[in-house]
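Please open the model in your viewer and keep the sequence panel beside it, since the stops below are given as selections to make one after another.

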Amino acid sequence: MRVRVLGSAAGGGFPQWNCACPNCAGVRSQDPAFEARTQDSLAVSGDGERWLLLNASPDILRQIEATPVLWPRSGRQTPIAAIALSNGDLDHCLGLLNLREAEPVAIYTTASVRDGLRTHNAFLRTLERHEHHASFREIGAAPVAVTSPSQQALGLTLQAVPVPGKLPIHLRGQRQASEWDNVALVVREATRDRTLLYVPGIAHDFDGLADLLDEADCVFFDATFWSEHELIEQGLGQARACDMAHWPLSGPAGSLALLNARRKDGRFLTHVNNTNPILRRGSPEHTAVERAGLVVARDGLEVLL
Ligand SMILES: [Zn+2]
């Protein structure tokens with residue numbers, strides 16, 4: 001299985017257009033300790049020809065142009081065979097609207113995420129230009145084989161695992177939350193028994209997470225915030241990490257402690273918010289992450305499993 005990081009920043013990207021925090025200012029001043037990042041998404045392939053995207057970020061067009069394996073081969077065509085969403089946050093699905101030029105798209109979501117996208121959402125009808133344009137396919141607890149819009153198998157299966165999270169902002173007050181609103185995506189390459197675990201958003205630990213980590217050959221994990229009060233301390237807002245359903249890395253109950261305890265090769269941090277001090281190479285926080293055997297994902301990074 002080939003895994004390519006299309007983007008590794010949290011919503012807003014790095015730098016974020018309306019942010020002058022020390023990290024964002026560092027990127028703009030070309031400080032070599034910082035590297036710009038687009039919003040988080042992975043591309044996965046079993047055969048290197050047909051690709052499954054995990055999340056469709058608002059930066060998707062830039063990400064495709066930066067990734068030659070995702071370029072069309074001839075005429076009107078795309079190697080992007082399917083797209084899976086970990087939740088319905090706009091940061092993870094706005095890119096779908098950029099893929100509306102009539103190429104058929106297969107979209108894998110839980111039923112809850114699909115309903116959140118399709119109900120009262122007139123914009124999404126731009127993906128219904130012709131009868132076989134967008135096909136939504138349901139994922140849940142049982143693995144399903146991933147196929148292209150024309151039903152060609154990719155040699156990959158997809159499974160969703162409910163993860164503590166929250167409703168997308170635009171659905172608050174519109175409907176009840178479900179445990180299937182926010183999921184981890186498990187991608188398996190059956191023939192080679194390789195497993196990728198993608199968890200770009202997680203509010204806190206839960207029963208079964210340690211097993212999921214142990215079973216995966218490669219993990220991309222939520223690293224939105226270093227600390228609970230990061231935005232408040234930097235004078236950038238009143239929201240705590242827990243208010244935004246992101247589990248901070250630091251502290252005795254932080255995710256870094258768990259990831260360090262289940263240490264294994266192939267552990268990457270993604271969905272990194274622009275305020276997170278791990279983005280500064282050489283910072284104490286970046287060093288702590290490296291000591292725990294973790295790599296901060298960079299756009300364009302490729303992993304072979
Ligand atoms: Zn910033």
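The tour goes from a metal site to a strand residue, and then to the pockets and cavities.

Bear in mind throughout that this is a predicted model.

**The zinc site**

Begin by selecting the zinc ion together with its protein donors, which are Cys19 (SG), Cys21 (SG), Cys24 (SG) and Asn274 (OD1), and which lie 2.2 to 2.4 Å from the ion. With the sequence panel in view, the donors can be followed along the chain in the spacing C-x1-C-x2-C-x249-N. If you draw the angles at the metal, the 4 donor atoms subtend 100 to 118 degrees, and the arrangement is therefore tetrahedral. For reference, the ideal angle for four tetrahedral donors is 109.5 degrees.

Now add a surface and look at two of the cysteines: are they buried or exposed? Cysteine 19 has a relative accessible area of 7% and is buried, because the cut-off for that term is under 20%. Cysteine 24 is likewise counted as buried, at 0% relative accessibility.

**Leucine 269 in strand β12**

Next, select strand β12, residues 267-270, and pick out leucine 269 within it. At 0% relative accessibility, leucine 269 counts as buried. Which residues surround it, once its neighbours within four places in sequence are left aside? Leucine 269 is in contact with Phe221, Ala223, Leu249, Leu259, Ile278, Val289, Leu294, Val295, Val296 and Ala297. Then measure out to serine 8, which is 261 residues away from leucine 269 in sequence, although the two C-alpha atoms are 8.0 Å apart in space.

**The largest pocket**

Move on to the largest pocket, which holds about 670 Å³ of space. Of the 32 residues that line it, select Gly11, Asp91, Ile169, Met244 and His246, as these are the closest to its centre. Helix α3, residues 90-93, gives the largest share of this lining, with 3 residues. Coloured by class, the lining of the largest pocket divides into 11 nonpolar, 16 polar and 5 charged residues.

**The second largest pocket**

The second largest pocket has a volume of about 500 Å³. Its lining consists of 23 residues, and those to select for its centre are Gln77, Thr78, Leu99, Glu101 and Glu103, which lie nearest to it. Show α2 (60-65), β4 (80-84) and β5 (105-109) as cartoon, since these are the elements that give two or more residues to the lining. Among them, β4 provides the largest share, 4 residues. By class, the lining of the second largest pocket comprises 14 nonpolar, 4 polar and 5 charged residues.

**The enclosed cavities**

Finally, clip through the interior, where the structure holds 2 cavities of 30 Å³ or more. The largest cavity has a volume of about 40 Å³, and the residues to select around it are Gly88, Ser112, Val113, Gly116, Leu117, Pro168, His170, Leu171, Arg175 and Asp181. This lining contains 4 nonpolar, 4 polar and 2 charged residues.

The second largest cavity, with about 30 Å³ of space, is lined by Val186, Arg188, Thr195, Leu197, Leu212, Glu215 and Ala216. To see where this lining comes from, highlight β9 (183-189), β10 (194-199) and α6 (209-215), each of which supplies at least two of its residues. The class count for the second largest cavity is 4 nonpolar, 1 polar and 2 charged.

Conventions
Residues are numbered from 1 along each chain as its sequence is written. This is a predicted model: local features need pLDDT of at least 70, side-chain atom pairs count only at pLDDT 80 or more; totals for chains, interfaces and linings use all residues. Side-chain values use heavy atoms; hydrogens and water are left out. Donors are N, O and S atoms within 2.8 Å of the metal (3.2 Å for Na, K and Ca); water is not among the atoms, so sites may look incomplete. Four donors count as tetrahedral if all angles lie between 85 and 135 degrees; four count as square planar and six as octahedral if opposite donors are over 155 degrees apart and all others between 65 and 115; anything else is irregular. Buried means under 20% relative accessible area, exposed over 50%, partly exposed in between (1.4 Å probe, protein chains only). Contact means heavy atoms within 4.5 Å. On a 1 Å grid over the protein atoms alone, a cavity is a set of points where a 1.4 Å probe fits but cannot get out, and a pocket is an open set with protein on both sides within 12 Å along at least five of seven lines; lining residues have an atom within 4 Å of a point. Grid points are joined across faces, edges and corners, and a volume is the space filled by probe spheres set on the points. Ala, Val, Leu, Ile, Met, Phe, Trp, Tyr, Cys and Pro count as nonpolar, Asp, Glu, Lys and Arg as charged, and the others, Gly among them, as polar.
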